[in-house]
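Me: I am new to reading protein structures and would like to go through one step by step. Could we look at it together?

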Amino acid sequence: MAIRKPSKLPQTAVLKQILKRCSSLGRKHGYDEDVLPLDVPKGHFAVYVGENRSRYIVPISFLTHPEFQCLLRRAEEEFGFNHDMGLTIPCEEVVFRSLASMLR
């Protein structure tokens with residue numbers, strides 16, 4: 001297993017890459033640029049969590065929280081952001097739900 005170097009990009013650049021990646025997922029699955037999935041309201045994005053990859057819709061404001069950013073760094077280290085499986089968060093669902101309830 002190769003060890004990846006941590007990204008040297010500034011935090012804002014990394015967040016922009018994540019948002020761009022999230023917004024491009026719908027286009028890869030047959031949606032055009034002007035049509036978004038109906039279950040993802042404006043200002044939110046979908047993440048997949050846990051072994052069963054349960055889908056959660058979270059507000060974009062989560063991206064500014066250090067705890068959520070830590071999960072994103074772990075996701076990048078484990079999965080990278082260049083895959084077609086959606087933004088997958090590597091933690092247990094119980095932990096994610098607890099974090100999400102604290103951030104809201």
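Me: What percentage of the contacts in the protein chain with a separation of 6 or more comes from residues 24 or more positions apart?
Reply: Happy to help, and keep in mind that this is a predicted model. Here we take the contacts with a separation of 6 or more and ask what part joins residues 24 or more positions apart. That part is 52%.

Me: In what order do the elements of the protein chain run from the N terminus on?
Reply: Let's start with what there is to place: the chain has three helices and three strands. Reading from the N terminus, the order is α-β-β-α-β-α.

Me: What percentage of the residues of the protein chain count as buried?
Reply: A residue counts as buried when its relative accessible area is under 20%. The protein chain has 104 residues, and the portion that counts as buried is 38%.

Me: Which elements do the buried residues of α3 pack against?
Reply: Good one to trace on the model! Helix α3 spans residues 93–103, and its buried residues are Glu93, Phe96, Leu99, Ala100 and Leu103. They lie on the same side of α3, because they cover an arc of only 130° around the axis. The elements that these buried residues pack against are β1, β2, α2 and β3.

Me: Which residues are exposed on the other side of α3?
Reply: To count as exposed, a residue needs over 50% relative accessible area. On the other side of α3, the exposed residues are Val94 and Met102.

Me: Which residue forms a salt bridge with arginine 97?
Reply: The count here comes to one salt bridge. Arginine 97 is partly exposed, with a relative accessible area of 42%. Its partner also lies in helix α3, four residues apart from it, which is about one turn of the helix. With the closest N and O atoms 3.5 Å apart, the partner is glutamate 93.

Me: How many disulfides does the structure hold?
Reply: For a disulfide, two cysteine sulfur atoms must be within 2.5 Å. For cysteine 70, the nearest cysteine sulfur belongs to cysteine 91 and is 9.9 Å away. Cysteine 91 is likewise in no disulfide. The number of disulfides is therefore, by that 2.5 Å cut-off, zero.

Me: Is cysteine 91 buried or exposed?
Reply: We can use the cut-off again: under 20% relative accessible area means buried. Cysteine 70, at 37% relative accessibility, counts as partly exposed. Cysteine 91 has a relative accessible area of 14%, so this residue is buried.

Note on methods:
Residues numbered from 1 in each chain as written. Predicted model: local features only at pLDDT ≥ 70, side-chain atom pairs only at ≥ 80, totals over all residues. Heavy atoms only, no water. Buried < 20%, exposed > 50% of the residue type's maximum accessible area, 1.4 Å probe, protein only. Helix = DSSP H or I, 4+ residues; strand = E, 2+ residues; numbered from the N terminus. Contact = heavy atoms within 4.5 Å. Arc of directions from axis to C-beta. Salt bridge = Lys/Arg side-chain N within 4 Å of Asp/Glu carboxyl O.
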